Amino acid sequence: MRAAMTDIARLHLTTHPGLEDIVVAEFRERAAAAGLTEEALSAEPAGFRGRVEVAAPLEEPELVALARSMRSIHHVLRPVLKLELEPGRELAQLDAALRAAEIPELGPETSFRITPTRHGTHDFTSMDMARVAGAAVQAKTGAPVDLERFDVEIRVDLVERDLAVAVQLTREPLSRRFAKPYEQRVSLKADMAYAMLRLAGYPGPGAKLLDPFCGTGTILLEAGEVWPGVIRVGSDFDPRAVEGAWRNLVANRLEEGARIVRADARRLAEELGEGGFARIVTNPPFGRVIGRGIHFFEFYLRMLASARRVLAPWGRMVVLAQRRDALRAAVEHHGHFRIVHARVVDMSRLFVGLFVLAPRE
Ligand SMILES: C[S@@+](CC[C@H](N)C(=O)[O-])C[C@H]1O[C@@H](n2cnc3c(N)ncnc32)[C@H](O)[C@@H]1O
């Protein structure tokens, strides 16, 4: 039901820092599809890394439902307060702010827990923040703390001097949306896969997508849901990944229109033929997994040469690269691609490059 124009619900949506604009664009699309006009809503980076503030003339549960349908976010939060803290007085200010804050969800019958995060240099720990915030909220509301079986999760996030307190409305991150009977030590989050597909651009029904380092298959799973009708091909040189990614597709009923083959990403054309793919979307291994001995420039160079042969001349390639400079140098040296878009994304404090490449004529 549409609320009166004066009732504006406001939420914060979290994502990988660096993908805020994608969250804004996705929110606007979904809001438009739900019948909201552009003038009625707002969606802006919240001035806090990895956060977007959205507001619309809806009842809060309606806006929460809209937010929960999004694919580019981790969590949905209801902001409680935002504050710039003075160095040396941070914990006292946190205490005072929370003793003054209204958190309508909490009372003597509702347990809560504080989840703290802290980035920057401070002379206290995140556990100190949780302890101070927990005591203040308990004093104000009478609610008991329960770290395991809490009813309400309160996030206290501090980035340098910026403090944000919010009620987290999602339990599990929304990015954890696929069943994964096969897991690897590291795999991409589905919201990152969504962002990569968005940057690649929908190629149309019947077009072919390739992920030549498919691992557990996150990109193929995500594409199965957002790009129905696109033919998905995954490849990996590890036979366990070939079999495992297929099991993951089957577990999510997304195997129709998909195929996984064993292939070395440096020699794709031998297995997959020339020029048939409209999109390549992939994250090659990061340094942690590939080992210290590897020379990234050489590795990227061989990957690009191989990808160029299987990609259509009008195609697009989206690559997530931990070694940003090595990727740029490899693109330049190879000479058959140009970088049409590049950005840095913070993946759990790993600053990775997200590149969109187009073949040069
Ligand atoms: C970073 S993971 C990809 C993760 C994947 N996006 C996911 O969500 O699970 C890298 C994968 O690349 C594979 N790999 C590494 N070197 C390769 C190569 N030269 N050719 C093909 N696959 C390779 C590994 O076996 C691993 O499964």
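Visitor: Let's start with Thr15: buried or exposed?
Guide: Thr15 sits in the loop between β1 (9–14) and α1; helices (H or I, at least four residues) and strands (E, at least two) are DSSP runs, numbered from the N terminus. In this predicted model, the relative accessible area of Thr15 is 5%. Under 20% is buried, over 50% is exposed and in between is partly exposed (1.4 Å probe, protein chains only), so Thr15 is buried.

Visitor: What pLDDT do local features need in this predicted model?
Guide: Residues are numbered from 1 along each chain as its sequence is written, and side-chain values use heavy atoms, with hydrogens and water left out. The model is predicted, so totals for chains, interfaces and linings use all residues, side-chain atom pairs count only at pLDDT 80 or more, and local features need pLDDT of at least 70.

Visitor: Which backbone oxygen does the Thr15 side chain reach?
Guide: Beyond four places in sequence, Thr15 touches Glu20, Val23, Gly50, Ser72, His74 and Asp191, contact being heavy atoms within 4.5 Å. One of these also makes a polar contact, at 2.9 Å. That term takes a pair of N or O atoms within 3.5 Å; within protein, one must be able to donate a hydrogen and the other to accept it, and residues adjacent in sequence count only if both atoms are side-chain atoms. The backbone oxygen reached by the side chain belongs to Ser72.

Visitor: Where does Ser175 lie, and is Ser175 buried or exposed?
Guide: Ser175 is in the loop between β7 and α5. Not counting residues up to four places away, it touches Ile73, His74, Lys189, Ala190 and Asp191. With a relative accessible area of 8%, Ser175 is buried.

Visitor: How do the axes of α1 and α5 cross: roughly parallel or roughly perpendicular?
Guide: Two packed helices are described by the angle between their axes and the distance between the axes. Axes are lines fitted to C-alpha atoms, for helices over the stretch in contact, with angles from 0 to 180 degrees between N-to-C directions. The axes of α1 (residues 20–33) and α5 (residues 190–200) come within 11 Å and cross at roughly 80°. Under 35 degrees is roughly parallel, over 145 roughly antiparallel, 65 to 115 roughly perpendicular and the rest oblique, so α1 is roughly perpendicular to α5.

Visitor: How many charged residues are in that contact of α1 with α5?
Guide: α1 brings Ile22, Ala25, Glu26 and Glu29, while α5 brings Tyr194, Ala195, Arg198 and Leu199. Ala, Val, Leu, Ile, Met, Phe, Trp, Tyr, Cys and Pro count as nonpolar, Asp, Glu, Lys and Arg as charged, and the others, Gly among them, as polar. By class there are five nonpolar residues, no polar ones, and the charged ones number three.

Visitor: Which residue caps the N-terminal end of α4?
Guide: Helix α4 (residues 126–141) has 16 residues and reaches 22 Å from first C-alpha to last, close to the expected 22 Å, taken as 1.5 Å times one less than the number of residues. Its buried residues, including Met129, Val132 and Val137, pack against α3 (90–100), β5 (112–119) and β6 (152–159). After the helix comes Gly142, with a positive phi near 80°. At the N-terminal end, a side-chain oxygen lies 3.3 Å from the backbone nitrogen of Met127, and the capping residue is Thr125.

Visitor: And which residue caps α7?
Guide: The 13 residues of α7 (residues 239–251) should span 18 Å, and the end C-alpha atoms are 18 Å apart, which agrees. Ala241, Val242, Gly244, Ala245, Asn248 and Leu249 are buried there, and the buried residues pack against α6, β9 (231–236) and β10 (258–262). Just after α7, Arg253 takes a positive phi of about 55°. The N-terminal cap puts a side-chain oxygen 2.9 Å from the backbone nitrogen of Arg240, and it comes from Asp238.

Visitor: What phi does Arg349 have?
Guide: Arg349 lies in the loop between β13 (337–347) and β14 (350–359), and is partly exposed at 44% relative accessible area. Although Arg349 is not a glycine, its phi is positive, at about 70°.

Visitor: How far apart in space are Gly315 and Ala358?
Guide: Gly315 is in strand β12 (residues 311–321) and is buried, with 0% relative accessible area. Its contacts beyond four places in sequence are Ala278, Arg279, Leu357, Ala358 and Pro359. Gly315 and Ala358 are 43 residues apart in sequence, but C-alpha to C-alpha the separation is 6.5 Å.
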